[in-house]
Amino acid sequence: MNPPPSGPVAEPPAPRPPRRRVHTRARLLAAAGELFLTVGFARTSIEDVCAAAGYTRGAFYSNFGSKEDLLLALFDEQAAGRIAQLEELAAACEALAPRERARRLVEALLRVEPAETGWILLFLEFRLVVARTEGLAERVAAHDREVSAALAGVLTRALPELVPPGATAGQAAAVMLAAREGLLARTAAGGTVAEDLLDATAAVLSGVLG
């Protein structure tokens with residue numbers, strides 16, 4: 001009989017969720033995103049989401065603990081997409097001078113396309129819900145920390161010039177995201193004023209960070 005293997009034994013990988021459950025979650029997210037963007041977060045119920053996706057409340061609660069969890073998952077998707085775009089742009093701008101590279105990257109992070117207007121309003125509505133809902137603030141703060149950490153990772157790997165001397169990548173990421181939130185609140189209506197504020201914020205931040 002062979003002796004037992006020595007050293008630590010690797011734990012088996014965590015089981016992957018069944019394909020059907022992944023499909024159910026995706027349909028719930030898609031239905032919720034459409035409803036939240038058209039009628040708002042507060043006016044959309046879990047029953048509305050289930051009806052639009054074609055599922056029962058049981059299917060909903062097997063994937064999400066609450067309507068707030070569902071919206072945070074949607075925000076996670078949006079943030080992941082934005083981070084991926086920033087990494088691609090960082091690679092594309094690698095040959096540029098540091099200040100120009102910083103300007104383009106900061107502007108890319110801050111810019112909000114016209115198609116994102118609905119997401120701006122949804123984001124601002126949810127921030128008000130958080131401020132008025134006991135117990136929700138810390139959960140959202142945890143979500144914000146995860147997004148900041150993801151951006152800090154990009155800064156560390158690909159954009160070290162956007163981290164000022166004496167600051168950490170996490171601090172630079174937090175400031176950039178806070179600036180983006182301020183722009184969301186001030187530019188939801190779009191137009192020339194929004195463009196001017198975007199240009200001013202990008203110029204100041206890229207000058208400081210670059």
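Analyst: pLDDT is the predictor's confidence in each residue, on a scale from 0 to 100. This model is predicted, and the mean pLDDT of the protein is 83, with 89% of its residues reaching 70 or more.

User: What does pLDDT say about residues 1-10?

Analyst: Over residues 1-10, pLDDT stays under 50. A contact needs heavy atoms within 4.5 Å, and the model has 0 contacts for residues 1-10 beyond four places in sequence.

User: Which helix has the highest confidence, and which the lowest?

Analyst: Helix α2, residues 46-53, has the highest, at a mean of 97. Helix α9, residues 192-209, has the lowest, at 77.

User: Which residues of α2 are called buried, and what makes them so?

Analyst: Buried means under 20% relative accessible area. I46, V49, C50 and A53 are the buried residues of α2, so each of them falls under that 20% limit.

User: How do you know where these buried residues lie around the axis of α2?

Analyst: They cover an arc of only 100° around the axis, so they lie on the same side of α2. In an α-helix there are 3.6 residues a turn, so residues three or four places apart point the same way. A51 and A52, on the other side of α2, are exposed; exposed means over 50% relative accessible area, so both pass that cut-off. After α2 comes G54, with a positive phi near 85°.

User: What makes the empty space lined by L72 and F75 a cavity?

Analyst: In a cavity a 1.4 Å probe fits but cannot get out. A search of the whole structure finds 1 cavity of 30 Å³ or more, and about 30 Å³ of space lies in the largest cavity. Its lining is L72, F75, F123, F126, R127, V140, H143 and D144, which divide into 5 nonpolar, 1 polar and 2 charged residues. α4, α6 and α7 each supply at least two of the lining residues.

User: Why is the largest pocket called a pocket and not a cavity?

Analyst: A pocket is an open set of points, while the probe cannot get out of a cavity, so the term depends on that opening. The largest pocket has a volume of about 590 Å³.

User: How many residues line the largest pocket, and which elements give two or more of them?

Analyst: The largest pocket is lined by 25 residues, with A79, F123, V147, R180 and L184 nearest its centre. The elements giving two or more are α4, α6, α7 and α8, and α4 gives the most, with 7 residues. By class, the lining has 13 nonpolar, 5 polar and 7 charged residues.

Methods
Residues are numbered from 1 along each chain as its sequence is written. This is a predicted model: local features need pLDDT of at least 70, side-chain atom pairs count only at pLDDT 80 or more; totals for chains, interfaces and linings use all residues. Side-chain values use heavy atoms; hydrogens and water are left out. On a 1 Å grid over the protein atoms alone, a cavity is a set of points where a 1.4 Å probe fits but cannot get out, and a pocket is an open set with protein on both sides within 12 Å along at least five of seven lines; lining residues have an atom within 4 Å of a point. Grid points are joined across faces, edges and corners, and a volume is the space filled by probe spheres set on the points. Helices (H or I, at least four residues) and strands (E, at least two) are DSSP runs, numbered from the N terminus. Ala, Val, Leu, Ile, Met, Phe, Trp, Tyr, Cys and Pro count as nonpolar, Asp, Glu, Lys and Arg as charged, and the others, Gly among them, as polar. Buried means under 20% relative accessible area, exposed over 50%, partly exposed in between (1.4 Å probe, protein chains only). The arc is that of the directions from the helix axis to the C-beta atoms.
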